[in-house]
Amino acid sequence: MPIVPPESIERDNGGCGVSSVRDATAPGGVVTHSEDVVMLHAGRATLSRSPGSQRHRSEFFRVEPGCSQMSMSAEVQTGPTSEADGPTVWMNIRAATWAYRLPILLLGGLVALLYRPVVGFDFVTWDDPWYIVRNPHIQSWHPEHLWAIATEPIARNFAPLTIFTFLVEHTLWGLWPGGYHATNVLLHAINAVLVFVLLRQVTGRPWIGWAAAVLFAVHPVQVESVAWISSRKTLLAATFTLASLICWLKRERTGRDEAWGMLWLVLGLLCKVSTVVVPPIVFVFDVMVMRRDRGEAMVRQVVPAFFCAMFVLMTASAQFTYIGGIRGHFGMNKLQLLAVDAVILWKYVGMLIAPSNLAVLYDPPTDGIAGQMAVSIIGWGLAAWLAWRVRGRRPLLTFAAAAWILLLLPMLNLFPLTTLMNDRYLYLPCIVFFAVAAAGAEAAYRWALARLAKREPGTVPRIVPLTAGVLLLTLVGGTYACLTTRQLPVWRDGASLWSHAREVTPTLTVVHIEWANVLHDRGRNEEACAVLVEALEQCRPDEADRERIRRKLSEWRTETAGHLGGVESR
């Protein structure tokens, strides 16, 4: 039975345990050192504490064929060793908090520092009135209002748990917007930590987890989701989606993991229907990464898929009950929509690499872009072909490609939405993009170091990769953080939001209508009417928007005439 010396056990410095075991010569060996026990069996290793210790720690590894080094799959279980005194939920939470104290402190502090100005922001005139300011259901705990929260869609979304959080907050601080903004910032910080935990678990690479989590936290495309109070549903759904995936995407998954994953999934569905992507993502992971039988993997997702289908049906009907947004694409067939989506997906990639001209609404062209559609479809086809070709050697890359599409699938207008393109649609999909980018950067740098070390052995200290990685992440993350600080003031209030939108997307009728609403609320009726007239003449509104504009013009001109009449009578 081969013995692995204690010095062959390497621990990372991120507070997350063992990163590799060197000089493991064959499966089936048992290695003992003090309280640490490493067992190798069937290509898998487990590091745990001895039964006499007060706590135990188990970590699983995978052994690469033809390699004497094992890489961690990063599944960590912490709890007391006595089965009679099994771990409670509270003990597990405390253990997880302590194990990930460094990511919690650094990522949480980074988000709090970057987004601290939003606590002084106001509500905006884009869904905030419907969800909070003029929502009678969050103003009382009366059973009638609780029933309405649990059963009625609001602003074309069925999100009872999201509305319930607004009820709790209205009880705490009424209509003070700072409290709602602070909750959004807290949720974004939690999500950044969950991104780190999930990617470290799936990839076994702490660096990939750190890089993706930092970019996720600071990228300016996230400003809409964090600084817009009504985007609470996106943040909450992301929290439960990430928690569910952490439970499901494990190398060694237990029935208890699946039960917790199911609970988080249902809670996420109660926040936003986009959580339906969890079962297909888990299925792809089981089949492509874990090499499980397709039939078995599909059976495991039957119950989650049933709940997802139920919530999809409940939300799909609500999408047709609200007039607003952009509806020019409603007349397209599915093939036309998919062609437009192919172009938009490349725009999303561009936004993640070099974000500029971000706005609350976009007006992507849908006519006269046949060439762009063809090139975009060919580009995504090549990307899909390459991802499929490497499925045997790089299963995680194939899984990442599938996860990118699946996370964006609810926003591709297969079920009609009132917008084609939004920043918030990238809140979770950007994780995949950042993880792949970090993995690519790490692979390129390791290749370069290997070539250098081969030419001049012993000249590359081990600190070099870590230092270079930190500097690169600081440079890229710092650039995105600066862009975020510039984008934040856009969401200060309704006036700043829609004045900026008029600059970026001046062709959208809804932008002019919302800007006119801001002017009207401030008592500037004549200016508001002029904006609506301009929208009628220059923006080619559809019949529904024309009717809205005519009605507002009639009402506001009557108000102005009445005000002038009152002044003359005095």
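A residue counts as exposed when its relative accessible area is over 50%, as buried when that area is under 20%, and as partly exposed in between. That scale is applied here to a predicted model. In its protein chain of 570 residues, 51% count as buried. The chain holds 22 helices and seven strands. Among contacts between residues at least 6 apart in sequence, 70% join residues at least 24 apart.

Consider first the pair formed by helix 6, residues 177–203, and helix 7, residues 206–218. Two packed helices are described by the angle between their axes and the distance between the axes. For helix 6 and helix 7 the angle is about 155° and the axes are 8 Å apart. Angles over 145 degrees count as roughly antiparallel, and helix 6 and helix 7 are therefore roughly antiparallel to each other. The crossing of helix 6 past helix 7 is right-handed. On the side of helix 6, the contact consists of His188, Asn191, Ala192, Val195, Phe196, Leu199, Arg200 and Thr203; on the side of helix 7, of Pro206, Ile208, Gly209, Trp210, Ala212, Ala213, Phe216 and Ala217. Sorted by class, the residues of this contact are 11 nonpolar, four polar and one charged.

Thr203, one of the helix 6 residues in that contact, can be followed further. Its relative accessibility is 13%, so Thr203 counts as buried. The Thr203 side chain reaches two backbone atoms: the oxygen of Leu199 at 2.6 Å and the nitrogen of Arg205 at 3.1 Å. Leu199 is also among the helix 6 residues that meet helix 7.

The next pair is helix 9, residues 232–248, and helix 10, residues 255–269. Their axes come within 8 Å and cross at roughly 165°. Helix 9 and helix 10 are therefore roughly antiparallel to each other, and helix 9 passes helix 10 in a left-handed crossing. Helix 9 contributes Ala237, Phe240, Ala243, Ser244, Cys247 and Trp248 to the contact, while helix 10 contributes Asp257, Glu258, Trp260, Gly261, Met262, Trp264, Leu265, Leu267 and Gly268. In this contact 10 residues are nonpolar, three are polar and two are charged.

Ala243 of helix 9 links this region to another part of the chain. Ala243 is buried, because its relative accessible area is 15%. Leaving aside residues up to four places away in sequence, Ala243 touches Leu194 and Trp264. Trp264 belongs to the helix 10 side of the contact just described. Leu194 is 49 residues from Ala243 in sequence, yet the C-alpha atoms of the two are 7.0 Å apart.

Helix 14, residues 334–353, and helix 15, residues 370–389, are arranged in another way. Their axes come within 8 Å and cross at roughly 70°. An angle of 65 to 115 degrees counts as roughly perpendicular, and helix 14 and helix 15 are therefore roughly perpendicular to each other. Ala339, Val340, Ala342, Val343, Leu345, Trp346 and Val349 of helix 14 meet Gln372, Met373, Ser376, Ile377, Gly379 and Trp380 of helix 15. The class count here is 10 nonpolar, three polar and no charged residues.

The loop between helix 14 and helix 15 contains Asn357. Most residues other than glycine have a negative phi. Asn357 is not a glycine, and its phi is positive, near 55°. Asn357 is exposed, because its relative accessible area is 58%. A second case is Arg540, where phi is about 50° although the residue is not a glycine. Arg540 also sits in a loop, between helix 21 (525–538) and helix 22 (543–569). With a relative accessible area of 78%, Arg540 is exposed.

One further residue, Thr479, lies in helix 18, residues 463–487. Its relative accessible area is 41%, so Thr479 counts as partly exposed. The side chain of Thr479 reaches the backbone oxygen of Leu475 at 2.8 Å. Thr479 and Pro220 are 259 residues apart along the chain, and their C-alpha atoms are separated by 9.8 Å.

Methods: Residues numbered from 1 in each chain as written. Predicted model: local features only at pLDDT ≥ 70, side-chain atom pairs only at ≥ 80, totals over all residues. Heavy atoms only, no water. Axes fitted to C-alpha atoms, helices over the stretch in contact; angles between N-to-C directions. Helix = DSSP H or I, 4+ residues; strand = E, 2+ residues; numbered from the N terminus. Parallel < 35°, antiparallel > 145°, perpendicular 65-115°, else oblique. Left-handed = near helix turned anticlockwise from the far one by under 90°. Contact = heavy atoms within 4.5 Å. Nonpolar A, V, L, I, M, F, W, Y, C, P; charged D, E, K, R; others polar. Buried < 20%, exposed > 50% of the residue type's maximum accessible area, 1.4 Å probe, protein only. Polar contact = N/O pair within 3.5 Å; in protein donor to acceptor, adjacent residues only side chain to side chain.
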